[in-house]
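This briefing is meant for someone meeting the structure for the first time. Please look over the sequence and the model shown here, and then read the points grouped by topic below.

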Amino acid sequence: MGLFSMIKRHLFNAFREVLIYHHNSLEFRAKLFALIIAVNGEGNDEVFDSVKASGMAIYNDDDRAEALVLTTKEIIAKVHDDNGLNEDLLIQDIVKEMKEVPRYRNKINTRQLQKIVDFTTDDDIRSYQENILEFLDKAKAGA
């Protein structure tokens, strides 16, 4: 990663609330992607290319798609660092946000998330990810 890219990433993370229109909505989507990715590790270029493609499909804006990728990576790092956030707490946070902002349910697109699951080769992890997708589908429906 070049120096310019590192500086851009740090500035983005520091000023996301100011620079990104509807940053809370973008963060909610990033949490969904991060949850699916984090249960299988840190992710790789192939996975993040899929996140970026999903971001382009959602926003049709390269900057917002890149912001989705960077925010997803940031959340995954928080899950894997020993700072009190884990997959279970991330699920609780997602559910809490859906209750506080019901329109966020419409932002759950398990077809896009399934593309991430398709990269998983470990059957146990894949099964866990599919259970998460099933849970998200039920939560989206309000069940």
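In this predicted model, the charged end of Arg-64 sits over the ring of Tyr-59, at 4.5 Å from the ring's centre. A second arrangement of this kind involves Lys-73, whose charged end sits over the ring of Phe-48, with 4.9 Å to the centre of that ring. As for rings that pair with one another, the structure holds one aromatic pair.

**Overall build**
- The chain contains seven helices and zero strands, so that, read from the N terminus on, its elements run α-α-α-α-α-α-α.
- Of the 143 residues that make up the chain, 40% count as buried, while the accessible surface comes to about 8300 Å², with 49% of it belonging to carbon and sulfur atoms.
- Among contacts in the chain with a separation of 6 or more, 69% are accounted for by residues that lie 24 or more positions apart.

**The largest nonpolar core**
- The largest nonpolar core has 35 residues, and the members that touch the most other members are Ile-37, Val-51 and Ile-94.
- Two or more residues of this core come from each of the elements α2 (23-38), α3 (45-59), α4 (62-80), α5, α6 (110-117) and α7 (123-141), and α2 gives the most, with ten residues.
- Leaving aside residues up to four places away in sequence, Ile-37 touches Glu-42, Gly-43, Val-47, Phe-48, Val-51, Thr-72, Ile-76 and Ile-116; Phe-48, one of these contacts, also provides the ring over which the charged end of Lys-73 sits.

**Glu-97, a residue of helix α5**
- Glu-97 has its place in helix α5, which covers residues 87-100.
- Glu-97 counts as buried because its relative accessibility is 13%, and buried means under 20%.
- When residues up to four places away in sequence are not counted, Glu-97 touches Phe-28, Lys-31 and Tyr-104.

**Asn-60, a residue of a loop**
- Asn-60 is found in the loop that lies between α3 and α4, and its phi is near 55 degrees, which is a positive value in a residue other than glycine.
- As a general background, most residues other than glycine have a negative phi.
- Is Asn-60 buried or exposed? With a relative accessible area of 66%, Asn-60 is exposed, because the cut-off for exposed is over 50%.

Technical notes
Residues are numbered from 1 along each chain as its sequence is written. This is a predicted model: local features need pLDDT of at least 70, side-chain atom pairs count only at pLDDT 80 or more; totals for chains, interfaces and linings use all residues. Side-chain values use heavy atoms; hydrogens and water are left out. Helices (H or I, at least four residues) and strands (E, at least two) are DSSP runs, numbered from the N terminus. Buried means under 20% relative accessible area, exposed over 50%, partly exposed in between (1.4 Å probe, protein chains only). Contact means heavy atoms within 4.5 Å. A nonpolar core is a set of buried Ala, Val, Leu, Ile, Met, Phe, Trp, Tyr and Cys residues joined through side-chain atoms within 4.5 Å. Rings of Phe, Tyr and Trp (its six-membered ring) pair if their centres lie within 6.5 Å; planes under 30 degrees apart count as stacked, over 60 as edge-to-face and the rest as tilted. A charge sits over a ring if NZ of Lys or CZ of Arg is within 6 Å of the ring centre and within 35 degrees of the ring normal. Accessible areas come from the Shrake-Rupley method with a 1.4 Å probe; for residues, only the protein chains shown count as cover.
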